[in-house]
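Me: I'd like a close look at one part of this protein: the strand that sits in the middle of the sheet pairing, along with whatever packs around it. Please take me through it in one go.

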Amino acid sequence: MDQQMVSGHAPTPPTARMENHGPTMAKIAMRTGADLLARTGSMVAYEGFVQYESNPAALRSVASQWLSGESLPLMRCHGDGVLYLADYGANVVCVPLHDENLSVNATNVLAFDAHLEWGVQRVKGMAKFTGQGLFNFGLSGTGWVAVTSRGVPVVIDCARAGEVFVDPDALVAWSTGLEMKGRRSFKASSLIGRGSGEAYQLAFSGEGFVVVQPSEDSTERLTEQQHQQQA
């Protein structure tokens, strides 16, 4: 094999618990006692000794909480080695949490440290915004989270940027400590058949960040597309 031709794609030693290997793959440094919860079926490769437990009993109990009609099938990963995860070529962002809270659309969750507190959370004030349900996946504590995005996302530091306005259908995740309020405005794209002439945005301000994908597909459409890809 010509080593020069593959040198740009060869794995490199991990430098953090969770990081990117290219834009569409997460690389996780696995070690005994530091389990990972990952979307079922997201493993594409691993080095070393890594085992999986699909849909363990502790995870099945969360189904009774899930009132939004969505589902998040998870598997527990444990062992020693390096684990590679991906989700149908979607872009991946690895986010470190430092005693923080994060709210993520269920369809965008790829993996997270098992010691984080997690579960379904009600998102207040979101019912009137197109494409968003009343419930999201909440994570809190200190650890790592990997989320997916349709295309290369932007991660905006609201403390530096001031007030940030986001289309709800493009929103992937946000720090729950941010102040959030709605805004209605005219949307020019509706003139070519994409809406009724009005649009909602979410305004975020305070200490924290938002992750925004370059797509206005709603959660429902994303879920439908993933089901078609899996069929």
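Reply: A quick word on confidence before the close-up: pLDDT is the predictor's own confidence in each residue, on a scale from 0 to 100. This is a predicted model, and its protein chain averages a pLDDT of 81, with 72% of the residues scoring at least 70. Among the elements, strand 2 (residues 26–30) has the highest mean, 97, and helix 4 (residues 219–230) the lowest, 47. Over residues 218–231 the pLDDT stays under 50, and the model has 19 contacts beyond four places in sequence for that stretch.

For context, the chain has four helices and 15 strands. Of its 231 residues, 45% count as buried. Take the contacts between residues at least 6 apart in sequence: 78% of them join residues at least 24 apart.

Now to strand 9, which covers residues 135–149. Twelve of its 15 residues are buried, so the rest of the structure largely encloses this strand. Which strands pair with it? Strand 6 does, running antiparallel to strand 9 through twelve bridges. Within that pairing, proline 96 stands opposite tryptophan 144, and cysteine 94 has alanine 146 as its bridge partner. Strand 7 is antiparallel to strand 9 too, joined by three bridges, and here phenylalanine 112 stands opposite valine 145. Then there's strand 8 (residues 117–122), again antiparallel, with six bridges to strand 9; glutamine 121 is partnered with asparagine 136 there.

Strand 6 has another pairing to look at. Three bridges connect it with strand 12 in the antiparallel sense, and valine 104 has alanine 173 in strand 12 as its bridge partner.

A general point helps when you turn to the side chains: in a regular strand they alternate between the two faces of the sheet.

Next, the packing. The largest nonpolar core has 20 residues, and the ones that touch the most other members are Leu97, Leu102, Val104, Phe112, Leu139 and Val145. Two or more residues each come from strand 6 (91–104), strand 7 (109–113), strand 9 (135–149), strand 12 (171–175) and strand 15 (209–212). Strand 6 is the biggest contributor, giving five residues. There's also a second, separate core of 16 residues, with Leu36, Leu83, Leu85 and Val92 among them.

Phenylalanine 112 is a handy residue to centre your viewer on. Setting aside neighbours within four places in sequence, phenylalanine 112 is in contact with Leu36, Leu37, Leu74, Trp118, Phe137, Leu139, Trp144 and Val145. Leu36 in that list is a member of the second core, whereas Leu139 and Val145 belong to the largest one. Phe112 also forms one aromatic cluster with Trp118 and Phe137.

On aromatics more widely, the structure holds five pairs. Tyrosine 46 and tyrosine 52 make an edge-to-face one, because their ring centres are 5.9 Å apart and their planes sit at 65 degrees. Both of these tyrosines count as partly exposed: tyrosine 46 has 39% relative accessibility, and tyrosine 52 has 29%. Another pair, tryptophan 174 with phenylalanine 204, is tilted, with 6.0 Å centre to centre and 45 degrees between the planes. That pair links distant parts of the chain, since tryptophan 174 is in strand 12 and phenylalanine 204 is in strand 14 (residues 198–205), 30 residues apart. Tryptophan 174 and phenylalanine 204 are both buried.

One last stop is methionine 30, which is found in strand 2. Is methionine 30 buried or exposed? Its relative accessibility is 5%, so methionine 30 counts as buried. Its C-alpha atom is 5.1 Å from that of glycine 81, although the two residues are 51 apart along the chain. Leaving out residues up to four places away in sequence, methionine 30 touches Arg17, Leu36, Val50, Cys77, His78, Gly79, Asp80, Gly81 and Leu83. Leu36 and Leu83 in that list are members of the second core, and Leu36 is also one of the contacts of phenylalanine 112.

Key:
Residues are numbered from 1 along each chain as its sequence is written. This is a predicted model: local features need pLDDT of at least 70, side-chain atom pairs count only at pLDDT 80 or more; totals for chains, interfaces and linings use all residues. Side-chain values use heavy atoms; hydrogens and water are left out. A nonpolar core is a set of buried Ala, Val, Leu, Ile, Met, Phe, Trp, Tyr and Cys residues joined through side-chain atoms within 4.5 Å. Buried means under 20% relative accessible area, exposed over 50%, partly exposed in between (1.4 Å probe, protein chains only). Contact means heavy atoms within 4.5 Å. Two strands pair if DSSP finds at least two bridges between them. Rings of Phe, Tyr and Trp (its six-membered ring) pair if their centres lie within 6.5 Å; planes under 30 degrees apart count as stacked, over 60 as edge-to-face and the rest as tilted.
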